[in-house]
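Biologist: I'd like a close look at one single part here, the packing in the middle. Take me through it slowly, and give me your cut-offs as you go.

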Amino acid sequence: MRRSPVERGARRGQPRALEMSSTVPKSSNIFWHDCPVGKTDRQNLLKQKGCVVWITGLSGSGKSTLACTLGRELHTRGKLAYVLDGDNLRHGLNKDLGFAAEDRAENIRRVGEVAKLFADAGLVCIASFISPYRRDRESCRALLSDGSFIEVFLNMSLELCEARDPKGLYKLARAGKIKGFTGIDDPYEAPLNCEIEIKEVDGVCPSPSDMATQVITYLEEKGFLHE
């Protein structure tokens with residue numbers, strides 16, 4: 001079985017990823033402070049249930065497009081949602097991280113913690129990230145133990161994504177100008193038990209509206225869009 005770069009790095013004695021991804025706080029003498037207004041109160045106010053919709057897939061598979069379309073559709077229904085986009089967060093929260101395996105692991109760890117807060121606030125948090133390593137995604141899932149982590153796998157072939165190449169990144173990777181690019185010289189570990197899988201149809205990516213409808217249908221059936 002092929003190990004992810006994070007796992008290979010750990011075996012070579014590179015502890016940074018493990019240190020950065022640790023859920024054990026380094027500070028001592030800290031205590032959790034409970035507030036009188038809790039998640040249930042916020043959900044009742046919003047008339048919805050907080051959750052994380054985690055969209056994963058190759059670059060060019062349509063993650064950001066789906067995230068924004070889904071956010072708009074929820075807004076038109078009077079539901080409060082917020083999109084966490086991979087590129088956008090690298091302009092701020094994660095601007096100190098690169099694309100080495102340990103940085104990718106820390107990128108997803110931070111996003112998972114932020115997404116958990118949004119869900120606790122009662123929002124539908126839509127996280128759009130390649131998130132290529134299965135272990136990192138499962139760590140985020142473990143943060144929400146109440147079934148409110150919904151993994152959406154955009155199962156589009158490398159050929160389709162490379163043909164689309166909206167940012168021109170595949171062309172740069174093929175030319176050797178980008179190293180460690182997912183799908184080219186770095187692996188993508190597909191989900192094993194995702195809640196929603198969206199596949200290409202006859203070599204074409206489904207429309208953003210169709211993909212968003214599939215996710216909304218799931219959210220409705222599972223009771224996230226009403227009290």
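Modeller: Start with Val53: leaving out residues up to four places away in sequence, Val53 touches Leu70, Val124, Cys125, Ile126, Ala127, Ile150, Val152, Val215 and Leu219. A contact here just means heavy atoms within 4.5 Å. Keep in mind that this is a predicted model, so local features need pLDDT of at least 70 and side-chain atom pairs count only at pLDDT 80 or more, while totals for chains, interfaces and linings use all residues. Residues are numbered from 1 along each chain as its sequence is written, and side-chain values use heavy atoms, with hydrogens and water left out.

Zooming out a little, Val53 is among the residues with the most contacts inside the largest nonpolar core, along with Ile150, Val152 and Leu219. That core has 33 residues. By nonpolar core I mean buried Ala, Val, Leu, Ile, Met, Phe, Trp, Tyr and Cys residues joined through side-chain atoms within 4.5 Å. Buried is under 20% relative accessible area, exposed is over 50%, and partly exposed is in between, with a 1.4 Å probe and protein chains only. Elements that each supply at least two residues of this core include strand S1 (51–56), helix H4 (63–76), strand S3 (124–128), strand S4 (149–155) and helix H10 (208–221). H10 gives the largest share, six residues. Helices (H or I, at least four residues) and strands (E, at least two) are DSSP runs, numbered from the N terminus. There's also a second, separate core of 14 residues, with Ile108, Val111, Ala127 and Phe149 among them.

Now the sheet. It's open, with five strands in the order S2-S3-S1-S4-S5 and parallel pairing; two strands pair if DSSP finds at least two bridges between them. At the edges sit strand S2 (81–85) and S5, each pairing on one side only. Ignoring direction, neighbouring strands are turned by 15° against each other on average. S2 and S3 run parallel and are joined by five bridges, and Leu84 stands opposite Ala127 in S3.

H4 packs on this sheet, touching S1, S2, S3, S4 and S5, and its direction makes about 165° with that of S3. Helix H7 (residues 134–142) lies across S1 and S4, at about 155° to S4. For those angles, axes are lines fitted to C-alpha atoms (for helices, over the stretch in contact), and values run from 0 to 180 degrees between N-to-C directions.

For the whole chain, 43% of the 227 residues count as buried.
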